[in-house]
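This report describes a protein model, taking its domains, two of its helices, its ligand shell and some residues in turn.

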Amino acid sequence: MSAVFNFCAGPAMLPAPVMKKAQEELLDWNGQGVSVMEVSHRGAPFIEMAKSSEACLRELMNIPDNYHVLFMHGGGRGQFSAVVNNFLGNNGRALYLVSGQWSKAAAEEAQKLAGEAQIDVLNIVKKDNGLNAVELPVFSGSAEQYRYLHYCPNETVDGIEIFDDIDCPWPVIADMSSNIMSREIDVSRFGLIYAGAQKNIGPSGLAIVIVRKDLLSLPQLTQSSIMDYRLTAENDSMYNTPPTFAWYLAAQVFDWLKSIGGVKAIAAINAEKARRLYACIDDSGFYKNGVVKANRSQMNVTFQLADESLDKAFLQEAEAAGLVALKGHRIVGGMRASIYNAMPLEGIDALVSFMNSFAAKHG
Ligand code: PMP
């Protein structure tokens, strides 16, 4: 089979060297003659792997010592509820910024769970000459007593990314499911960062949580033990059996990223990938992107064809050319190329070349 470039939004492609290594040691991990899937999470080899994976992630993201790193179940949505239950309390108040589908879903889940507590929701996307633009609110001097502010720096469905940090007096909680480790960030500006694994980390189901230790003293709502940050931290993410294979693969992805120069190196490649693809869209006169330049996602590039009756042909011809999973999310339609860390520049060049010839043929 010739090369296939997979632009799926998630579960997304993983780095080829990681998949190869996982394949090689699938039946015999660590010289034990059994798979990593078949060993106890309480045994020394797995605990060693868990510790070194955390150390590698700490190094990659420059995570300060006053933060826990947790490996949890339940993906991104699991954290929608864990955040509320761990931090809101019975009569607390929290602010949710909405910039697209995923931050909206997080706010809806919070409202569902809040009970007597209060969730305030603020839409921060405005139209600027017909394009979506994020307008971050200014909070200086705000008298509100929010337990936390929640937002999503990269909206996977809408292709909207927020590059500026949020300045506010409350702990900032960020859903980085689709842009974690894609560029350098200052972790110390966040109260909590979470990410479902299936884009830049590993297989779905796993979630990574990076949480400032002092926040674990915030009042809690009653909740399931396995989503309790304190219990998870006290038990080194092994209160119950962790998703061991997903954790192992995440560890391989961290090692791979480190081996190619870490987040700084991948950020430069990611910027170049996005630049080439948006340039193709902008220069074509055939494709359109609906987001202002300052908020264009570097991970999820959305675009529409000049004539949507050509969508089907575009997808069919792209697939025949080995470019798969380009269909946009059903809510926004059009196309979406998800170009996470594992997507090589060659994948972008192949897509750009296909898009140019499709436009020439049908434009
Ligand atoms: N947040 C974001 C930004 C996402 O992209 C996704 C999944 N695409 C989720 C949350 C939900 O993740 P999960 O399906 O793992 O619950």
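## Domains and their contact

In this predicted model, the C-alpha centres of domain 1 and domain 2 are 27 Å apart. The domain assignment places domain 1 at residues 29–259 and domain 2 at residues 263–362. Across the boundary, 25 residues of domain 1 are in contact with 22 residues of domain 2. On the domain 1 side, the elements that give two or more residues are H2, strand E6 (131–134) and strand E9 (160–161). E6 supplies the largest share of that side, four residues. Sorted by class, the side of domain 1 that touches domain 2 has 10 nonpolar, nine polar and six charged residues.

## Helices H2 and H7

Helix H2 covers residues 44–61. At 1.5 Å a residue, its 18 residues should span 26 Å, and the end C-alpha atoms are indeed 26 Å apart. The buried residues of H2 are Phe-46, Met-49, Ala-50, Ser-53, Glu-54, Leu-57, Leu-60 and Met-61. Seen down the axis of H2, these buried residues fall within an arc of 130°, so they line one face of the helix. The face turned away from the buried side carries the exposed residues Ala-44, Glu-48 and Lys-51. The buried residues of H2 pack against strand E2 (67–73), helix H6 (244–259) and helix H7 (262–284). After H2 comes Asn-62, with a positive phi near 55°.

H7 has 23 residues. From its first C-alpha to its last, H7 reaches 33 Å, close to the 33 Å expected at 1.5 Å a residue. Its buried residues are Val-263, Ile-266, Asn-270, Lys-273, Ala-274, Leu-277, Cys-280 and Ile-281. The buried residues of H7 pack against H2 and H6, and also against strand E13 (287–288), strand E14 (300–305), strand E16 (335–338) and helix H9 (345–362). Gly-285 follows H7, and its phi is positive, near 70°.

## The shell around the ligand

Which residues are around the ligand? They are Gly-10, Gly-75, Gly-76, Arg-77, Trp-102, Cys-152, Thr-156, Asp-175, Ser-177, Ser-178, Gly-196 and Ser-204. Helix H3 (residues 75–87) gives the most to this shell, with three residues. By class, the shell has two nonpolar, eight polar and two charged residues.

Gly-10, one of the residues around the ligand, is joined to Pro-11 by a cis peptide bond with omega about -5°. Pro-11 lies in the loop between strand E1 (5–6) and helix H1 (16–24).

## Backbone angles in the loop before H6

Most residues other than glycine have a negative phi, and most peptide bonds are trans. Asp-236 has a positive phi, near 50°, and Ser-237 also has a positive value, near 60°. Asp-236 is found in the loop between helix H5 (229–234) and H6, and Ser-237 lies in the loop between H5 and H6. Are these residues buried or partly exposed? Asp-236 is partly exposed, because 17 other C-beta atoms lie within 10 Å, where a buried residue needs 20 or more. Ser-237 is buried, because its count within 10 Å is 21 other C-beta atoms.

## Two strand residues

Val-172 is found in strand E10 (residues 172–175), and Lys-288 is found in strand E13. The table gives the burial of each residue.

| Residue | Burial | Other C-beta atoms within 10 Å |
|---|---|---|
| Val-172 | partly exposed | 19 C-beta atoms |
| Lys-288 | partly exposed | 15 C-beta atoms |

Leaving out residues up to four places away in sequence, Val-172 touches Leu-149, Ile-166, Arg-189, Phe-190 and Gly-191. One of these, Phe-190, is 18 residues from Val-172 in sequence and 5.0 Å from it in space, C-alpha to C-alpha.

With the residues up to four places away again left out, Lys-288 touches Ile-281, Phe-303 and Gln-304. Ile-281 is among the buried residues of H7, and H7 packs against E13 through its buried residues. Lys-288 and Ala-197 are 91 residues apart in sequence and 30 Å apart in space, C-alpha to C-alpha.

Key
Residues are numbered from 1 along each chain as its sequence is written. This is a predicted model: local features need pLDDT of at least 70, side-chain atom pairs count only at pLDDT 80 or more; totals for chains, interfaces and linings use all residues. The expected span of a helix is 1.5 Å times one less than its number of residues. A residue is buried if 20 or more other C-beta atoms lie within 10 Å of its own, exposed if 12 or fewer, and partly exposed in between; C-beta atoms are placed from the backbone. The arc is that of the directions from the helix axis to the C-beta atoms. Two residues are in contact if their C-beta atoms, placed from the backbone, lie within 7 Å. A residue is near a molecule or strand if its C-beta atom, placed from the backbone, lies within 6 Å of it. Ala, Val, Leu, Ile, Met, Phe, Trp, Tyr, Cys and Pro count as nonpolar, Asp, Glu, Lys and Arg as charged, and the others, Gly among them, as polar. Domain bounds come from an automatic or database domain assignment.
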